[in-house]
Amino acid sequence: MAELHVELVAADRKVWSGEATIVLARTKSGDIGIQAGHTPVLGVLESDPVTIRQADGTTVIAAVHGGFLSFADNKLSLLAEVAELADEIDVERAERALTAAKADAEAGAARRASVRLQAAAIR
């Protein structure tokens, strides 16, 4: 299967870079799957897990919070405000953050904590 080059970058660091067969993400326009040869696209990312499937069968999951995705010339750039690989997520800390956000009725913080927990559960 053909591959595309993927760069997942947060505001403060390069989170992941490599080759993939498909990347699944959620944009303001809905869910999108990008494979090699996809038409050029630009989208606004929603807070949600991003799935990167590699040719060797491994999957990389990241919790992504806001930003943009851009695909052209077989290169996908995911430029996130905040992004964490699922393996980096401290589940207990995320659960505490979710509880605190719900208690404070802070919807944005609750959504971020929920996405982190979703990504960690998928790994």
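This passage describes the overall form of a predicted model of a protein chain, and then its strands and selected residues.

The secondary structure of the chain consists of two helices and eight strands. Read from the N terminus, the order of these elements is β-β-β-β-β-β-β-β-α-α. Along the principal axes, the C-alpha atoms occupy a box of roughly 45 × 30 × 25 Å. A compact globule of 123 residues would have a radius of gyration near 14 Å, and the chain agrees with this expectation because its own value is 14 Å. Of the 123 residues, 42% count as buried. Among the contacts in the chain with a separation of 6 or more, 51% are made by residues 24 or more positions apart. The accessible surface comes to about 6,600 Å², and carbon and sulfur atoms contribute 51% of this area. The chain carries 13 positive and 18 negative charges, and the mean positions of the two sets are 3 Å apart.

Strand E1 comprises residues 4-10, and its side chains alternate between two faces. Leu4, Val6, Leu8 and Ala10 point to one face and are buried, whereas His5, Glu7 and Val9 point to the other face and are not buried. Strand E1 is paired with strand E2 (residues 13-20), to which it is joined by seven bridges in an antiparallel arrangement. Within this pairing, Leu4 has Ala20 of E2 as its bridge partner. The two strands form a hairpin, with two residues between them.

Strand E1 is also paired with strand E8 (residues 75-85), and here the two strands run parallel and are joined by six bridges. In this pairing, His5 stands opposite Lys75 of E8, and the bridge partner of Glu7 is Ser77 of E8.

Strand E8 is further joined to strand E7 by 10 bridges, and these two strands run antiparallel. One bridge pair of this arrangement places Phe71 opposite Leu76 of E8. E7 and E8 form a hairpin with two residues between them. Both Asp73 and Asn74 are located in the loop between E7 and E8. Most residues other than glycine have a negative phi. In Asp73, however, phi is positive, at about 50°, although this residue is not a glycine. Asn74, likewise a residue other than glycine, has a positive phi near 65°. The exposure of these two residues was also computed. Asp73 counts as exposed because its relative accessibility is 74%, and exposed residues are those over 50%. Asn74 has a relative accessible area of 30% and is therefore partly exposed.

Three residues in strands illustrate burial within the chain. Leu76 is located in strand E8 and has a relative accessible area of 1%, so that it counts as buried. Apart from residues up to four places away in sequence, Leu76 touches Leu4, His5, Val6, Glu7, Val23, Ile34, Leu69, Ser70 and Phe71. Of these, Leu4, His5, Val6 and Glu7 belong to strand E1, while Phe71 is the bridge partner of Leu76. Leu76 and Ala2 are 74 residues apart along the chain, and their C-alpha atoms are separated by 14 Å.

Ile22 is found in strand E3 (residues 22-27). With a relative accessibility of 17%, Ile22 counts as buried because the limit for burial is under 20%. When residues up to four places away in sequence are set aside, the residues touched by Ile22 are Leu4, Ile34, Gln35, Thr51, Ile52 and Arg53. Leu4 and Ile34 are also among the residues touched by Leu76. In sequence, Ile22 and Ala2 are 20 residues apart, and their C-alpha atoms lie 9.3 Å apart in space.

His65 lies in strand E7 (residues 59-72). Its relative accessible area of 6% places His65 among the buried residues. Beyond its neighbours within four places in sequence, His65 is in contact with Ser47, Glu81, Val82, Arg112, Val115 and Arg116. Two of these contacts, Glu81 and Val82, fall within the residue range of strand E8.

Methods:
Residues are numbered from 1 along each chain as its sequence is written. This is a predicted model: local features need pLDDT of at least 70, side-chain atom pairs count only at pLDDT 80 or more; totals for chains, interfaces and linings use all residues. Side-chain values use heavy atoms; hydrogens and water are left out. Buried means under 20% relative accessible area, exposed over 50%, partly exposed in between (1.4 Å probe, protein chains only). Helices (H or I, at least four residues) and strands (E, at least two) are DSSP runs, numbered from the N terminus. Two strands pair if DSSP finds at least two bridges between them. The radius of gyration is taken over C-alpha atoms; the globule rule is 2.2 Å times the number of residues to the power 0.38. Contact means heavy atoms within 4.5 Å. Accessible areas come from the Shrake-Rupley method with a 1.4 Å probe; for residues, only the protein chains shown count as cover. Lys and Arg count as positive and Asp and Glu as negative; His and the chain ends are not counted. The place of a charge is taken as NZ of Lys, CZ of Arg, CG of Asp or CD of Glu.
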